[in-house]
Amino acid sequence: MTAEKSKYLENILKDSDDFSEIFDYFLTNFAEQPAFTQQSKKFKSPLIKEMVSQASAQIFNKIPIQITNMLLLNHERLGIIHGAGWVEAKLFNVFYCKRINKGLLVITTGKSTEMARITPTPTKPTEQFGEDFIESVEDFSKHFKHQFPN
């Protein structure tokens, strides 16, 4: 659980389409290391919740999506937000790398495991999401391009 491993995670998250490889690397080198969770602090982010909702809507082909018991933790030194919860009564895990504005959502449906890279997509081409957006408690749903009609 070093800065080098964090950089490698960011690189494969940006470049790899093998989401299983990315999630396995995250689990092995971060989530399964007790110090990673111990050094993380409880965190709230409506923006990450919105990204989980958007990706889940695509996976389940349904709007609205019900997300419950979402718990996020922030590892400040490594710039990784991670957590879990329930979406449509299915367990999900998520992690998000703040420096590159990308993350991975993994949903266990019972029959299969669904994975999606998550990235905020602003409604205005000039708008960018930085750490201030990730750490804000503002409702960011109005800032997103919704992929599915209501």
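**Exercise 1.** In this predicted model, place Thr 121 relative to the loop, strand E6 and helix H5, and decide whether Thr 121 is buried, partly exposed or exposed.

*Solution.*
Step 1. Strand E6 covers 113–118 and helix H5 covers 131–134; Thr 121 sits in the loop between them.
Step 2. The relative accessible area of Thr 121 is 31%. Buried requires under 20% and exposed requires over 50%, so Thr 121 is partly exposed.
Step 3. Along the chain, Thr 121 and Met 51 are 70 residues apart, and 9.1 Å separates their C-alpha atoms.

**Exercise 2.** Find the helix that holds Glu 10, classify Glu 10 by its relative accessibility, and list the residues that Glu 10 touches, not counting residues up to four places away in sequence.

*Solution.*
Step 1. Glu 10 belongs to helix H1, residues 3–15.
Step 2. Its relative accessibility is 3%. The cut-off for buried is under 20%, therefore Glu 10 counts as buried.
Step 3. With residues up to four places away in sequence left out, Glu 10 touches Cys 97, Arg 99 and Ile 100.
Step 4. With Arg 99, the side chain of Glu 10 also makes a polar contact of 2.9 Å.

**Exercise 3.** Compare the reach of H1 with its expected value, then state which residues of H1 are buried and what covers them.

*Solution.*
Step 1. H1 has 13 residues; at 1.5 Å a residue, 18 Å is expected.
Step 2. From first C-alpha to last, H1 reaches 18 Å, close to that expectation.
Step 3. The buried residues in H1 are Ser 6, Leu 9, Glu 10, Ile 12 and Leu 13.
Step 4. Their cover includes helix H2 (19–31), strands E3 (80–87), E4 (90–97) and E5 (102–108), and E6.

Terms used
Residues numbered from 1 in each chain as written. Predicted model: local features only at pLDDT ≥ 70, side-chain atom pairs only at ≥ 80, totals over all residues. Heavy atoms only, no water. Helix = DSSP H or I, 4+ residues; strand = E, 2+ residues; numbered from the N terminus. Buried < 20%, exposed > 50% of the residue type's maximum accessible area, 1.4 Å probe, protein only. Polar contact = N/O pair within 3.5 Å; in protein donor to acceptor, adjacent residues only side chain to side chain. Contact = heavy atoms within 4.5 Å. Expected span 1.5 Å × (residues − 1).
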